[in-house]
Amino acid sequence: MSATTAPNGVDVAGRHPVADPSKVSNPYKPVGDYISNISNFKIIESTLREGEQFANAFFDTETKINIAKALDDFGVDYIELTSPVASEQSKKDCEAICKLGLKAKILTHVRCTMDDAKVAIETGVDGLDLVIGTSHFLREYSHGKDMAYITRQALEVIEFVKSKGVEVRFSSEDSFRSDLVDLLSLYKAVDKAGVNRVGIADTVGCATPRQVYDLVRTLRGVVSCDIETHFHNDTGCAIANAYCALEAGATHIDTSVIGIGERNGITTLGGLMARMIVADREYVMGKYKLSKLKEIEDMVAEAVEINIPFNNPITGFCAFTHKAGIHAKVGIVIFDPYHFKRMPLGLAAILQNPSTYEIIDPADFGMTRYVHFASRLTGWNAIKTRVSQLGLEMSDDQVKFVTAKIKALADVRPIAIDDADSIIRAFHLTLGEHPEKNMDAAAAAIPTA
Ligand SMILES: [Zn+2]
């Protein structure tokens, strides 16, 4: 680092660093905190449980097995499956996945009753995720049980599951609308009974990151077991809530691929990866096979017949596409919005440090950066990159001139890469052997709208 560069890597003129980014300390790394699990979290992947509750989802056995294998290869810690009590086929599928011998532990999500727990144990799962509603809404309108009854029942089922030698998690449903005192005393009791995890679920998607932090932080002080969290995305907070939960001491995050689940779903696996890699790249890169993310998302998207949303973190079609001229200086690859063609440029075309406008390196996920240069927002650096990709030579003045022509045409109508290329080529052709002298003639040769 030079003498003109501040410790955070920003130089004396306030510009972003142009040095090797790996040598600059990460300014986005969270401040150290003894309860935070930002650098030590586990994923409970629920595409095959929560995801099955998605409106479009119907997974046959083969699809379930393919998804489970892909998630296991990706490196998730747990795979959660639909309750075997749900249907006869659900039970068979659960047994089939348990027999695959995956590295990931297999869980199934069941109601906190002896009947459900007995069926679940027989499938051969590594653990049971027990759930019961504790909010007054659920107590009043769903199962109608009081807290003393819920606690007694929970302890009985937990003791049974533990006696079978498998993991047990106990979770409330709709935790953020449950009475805090009720919730904490119930969790204290199940912790004492020896559960592996307690779970907090924002079943209706109402919680804010601050509420999550407060509740998990409070719970962290009450139980000694692990804390799993489950966030619905009705108000768009699912990823932020997951992050805050980890900051407050939660240990496990529930995810699903592309977030599929009830209503508009839960914390997305890819979105969580995007969030976490910024906080601790080493941990995330060391644990998860990020280059497989797109493949898994495509597999699930196809299975439930949806497209990957355009604004999806990492894999949305424009997640690493730069359009504005001031951004396009980063350009190494160009993008044709009308044909969705992607063409690699030469390595020599990296013009400046991409981290100026990107917090995530697409290469970490096996993805590539794109520069969308055929638009009126383009800049001469993007065009200069395109000129060299076409194998042409032009002075900066000439590039600026032809850029102005491209922008003028793009102001009149949407243009494709072919339009921009033909402007560049026509201009270059007429420049001839003495380019400086032929600017006017070259200009006259440029095709118009
Ligand atoms: Zn849910």
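Visitor: How many helices and how many strands does the chain have?
Guide: This is a predicted model, where local features need pLDDT of at least 70 and side-chain atom pairs count only at pLDDT 80 or more, while totals for chains, interfaces and linings use all residues. Residues are numbered from 1 along each chain as its sequence is written. Helices (H or I, at least four residues) and strands (E, at least two) are DSSP runs, numbered from the N terminus. Counted that way, the chain has 15 helices and twelve strands.

Visitor: What do the strands β1 to β8 build, running parallel?
Guide: Follow the order β1-β2-β3-β4-β5-β6-β7-β8, with parallel pairing along the way; two strands pair if DSSP finds at least two bridges between them. β1 (residues 42-45) also pairs in the parallel sense with β8 (residues 252-255), over four bridges. Put together, these eight strands form a closed barrel.

Visitor: Let's stay with β1 and β8. Which residue of β8 stands opposite Ile 44?
Guide: Start one residue earlier, at Ile 43, whose bridge partner in β8 is Ile 253. For Ile 44, the residue standing opposite in β8 is Asp 254.

Visitor: And on the β2 side, which residue is the bridge partner of Ile 44?
Guide: β1 and β2 (residues 78-81) run parallel and are joined by two bridges. In β2, the partner of Ile 44 is Tyr 78.

Visitor: What hand does the crossover from β1 to β2 have?
Guide: The chain leaves β1, passes through helix α1 (residues 61-74) and arrives at β2, a β-α-β crossover. The hand is right if, with the strands pointing away from the viewer, the path from the first strand over the helix to the second runs clockwise. β3, α3 and β4 make a unit of that hand too. The crossover through α1 is right-handed.

Visitor: How many residues of β4 are buried?
Guide: Buried means that 20 or more other C-beta atoms lie within 10 Å of a residue's own, exposed means 12 or fewer, and partly exposed is in between, with C-beta atoms placed from the backbone. Gly 127, Asp 129, Val 131 and Gly 133 point one way from β4, Leu 128, Leu 130 and Ile 132 point the other way, and all are buried. For the chain, buried residues make up 43% of the 449 residues. In β4, the count is seven of seven.

Visitor: Which residue of β5 stands opposite Asp 129?
Guide: On one side, β4 pairs with β3 in the parallel sense over five bridges, and Arg 111 has Val 131 as its partner in β4. On the other, seven bridges join β4 to β5, again running parallel. Opposite Asp 129 stands Arg 169.

Visitor: What span does helix α6 reach from its first C-alpha to its last?
Guide: α6 covers residues 180-192, which is 13 residues. The expected span is 1.5 Å times one less than the number of residues. For α6 that expectation is 18 Å, and the model's helix comes close to it, reaching 18 Å.

Visitor: Why do the buried residues of α6 sit on the same side?
Guide: The buried residues are Leu 183, Leu 186, Tyr 187 and Val 190. The arc is taken from the directions from the helix axis to the C-beta atoms. The face turned away from the buried side carries exposed Val 181 and Lys 192. The buried four share a side because they cover an arc of only 95°.

Visitor: Which residue just after α6 takes a positive phi?
Guide: α6 ends its run at residue 192. Shortly past that end, a phi of about 95° belongs to Gly 194.
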